[in-house]
Amino acid sequence: MPPDPVARTYLLLGADGRPYRSATAGQWGGHRRSKIYGRLDCRSALRAIAAGGYVKYRVFFADEAAAVAAGYRPCAVCCPDRYRTWKEAIQ
């Protein structure tokens, strides 16, 4: 018998960088090795996934605040304004 779709959970990273199960899918994706987060429809991430990479280190966040708190930076491709702000802040 297939699993109950209502009981499905998603593995997300919290603000503390630790994984947890959630009944709600993540709204932002990230790459654990490069510590970059971005939109789920990011063309750069989708291209890397299609080429066979990225998936092994993919993580998801409930919201952008959790990604930032976990130490991830914004993607320059899908979040250029946020990336520019982040870049200016570290210089």
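## Aromatic residues and their surroundings in a predicted model

A polar contact of 3.0 Å joins the side chains of H31 and S34. The model in which this contact is found is a predicted one, and the account below starts from H31 before turning to the chain as a whole. H31 is found in strand β3, which covers residues 28-31. With a relative accessible area of 12%, H31 counts as buried, because the limit for that class is under 20%. When neighbours within four places in sequence are left aside, the residues in contact with H31 are I36, Y54, Y57, V59 and Y72.

### The chain as a whole

The chain holds three helices and six strands, and, read from the N terminus on, its elements follow the order β-β-β-β-α-β-α-β-α. Along the principal axes, the C-alpha trace spans about 55 × 30 × 20 Å. Of the 91 residues, 27% count as buried, and the chain exposes about 6,200 Å², of which carbon and sulfur atoms supply 55%. Among the contacts between residues at least 6 apart in sequence, 57% join residues that are at least 24 apart.

### Strands β2 and β4

S22 has its place in strand β2, residues 19-22, and counts as buried at 15% relative accessibility. Leaving aside neighbours within four places in sequence, S22 is in contact with R8, T9, Y10 and L12. L11 is 11 residues away from S22 along the chain, and the C-alpha atoms of these two residues are separated by 6.4 Å. A polar atom of the S22 side chain also lies 3.0 Å from the backbone nitrogen of T24.

I36, one of the residues that H31 touches, lies in strand β4, residues 36-39. Is I36 buried or partly exposed? Its relative accessible area is 21%, and I36 is therefore partly exposed, since buried would require a value under 20%. Beyond its neighbours within four places in sequence, I36 is in contact with G29, G30, H31, Y72, R73, P74 and C75. I36 and R84, which are 48 residues apart in sequence, are 14 Å apart in space from C-alpha to C-alpha.

### The nonpolar core around F61

The largest nonpolar core has 14 residues, and those that touch the most other members are Y37, F61 and Y72. Strand β5 (58-61) and helix α2 (64-69) each supply at least two residues of this core. Not counting residues up to four places away in sequence, F61 touches L12, L13, G26, Q27, W28, G29, G30, Y37, A66, A67, A70 and Y72. This list includes both Y37 and Y72, which are named with F61 as the core members touching the most others.

### Aromatic pairs

A pair of aromatic rings is described by the distance of the centres and the angle of the planes. The structure holds three aromatic pairs, and two of them are set out here.

| Pair | Geometry | Centre to centre | Angle between planes |
|---|---|---|---|
| F61 and Y72 | edge-to-face | 4.9 Å | 70 degrees |
| Y83 and W86 | tilted | 5.6 Å | 35 degrees |

The pair of F61 and Y72 links distant parts of the chain, with F61 in strand β5 and Y72 in the loop between α2 and β6 (73-74), 11 residues apart. F61 counts as buried at 0% relative accessibility, and Y72 counts as buried at 6%. Y72 is also among the residues in contact with H31 and among those in contact with I36.

The other pair in the table has both of its members, Y83 and W86, in helix α3 (residues 80-90), where they are three residues apart, about one turn of the helix. Why does Y83 count as partly exposed? Its relative accessible area is 21%, and Y83 falls in that class because partly exposed lies between the limits of 20% and 50%. W86 counts as partly exposed too, at 28% relative accessibility. The charged end of R73 sits over the ring of W86, 5.4 Å from the centre of that ring. R73 is also one of the residues in contact with I36.

Notes. Residues are numbered from 1 along each chain as its sequence is written. This is a predicted model: local features need pLDDT of at least 70, side-chain atom pairs count only at pLDDT 80 or more; totals for chains, interfaces and linings use all residues. Side-chain values use heavy atoms; hydrogens and water are left out. A nonpolar core is a set of buried Ala, Val, Leu, Ile, Met, Phe, Trp, Tyr and Cys residues joined through side-chain atoms within 4.5 Å. Buried means under 20% relative accessible area, exposed over 50%, partly exposed in between (1.4 Å probe, protein chains only). Helices (H or I, at least four residues) and strands (E, at least two) are DSSP runs, numbered from the N terminus. Contact means heavy atoms within 4.5 Å. Rings of Phe, Tyr and Trp (its six-membered ring) pair if their centres lie within 6.5 Å; planes under 30 degrees apart count as stacked, over 60 as edge-to-face and the rest as tilted. A charge sits over a ring if NZ of Lys or CZ of Arg is within 6 Å of the ring centre and within 35 degrees of the ring normal. Accessible areas come from the Shrake-Rupley method with a 1.4 Å probe; for residues, only the protein chains shown count as cover. A polar contact is a pair of N or O atoms within 3.5 Å; within protein, one must be able to donate a hydrogen and the other to accept it, and residues adjacent in sequence count only if both atoms are side-chain atoms.
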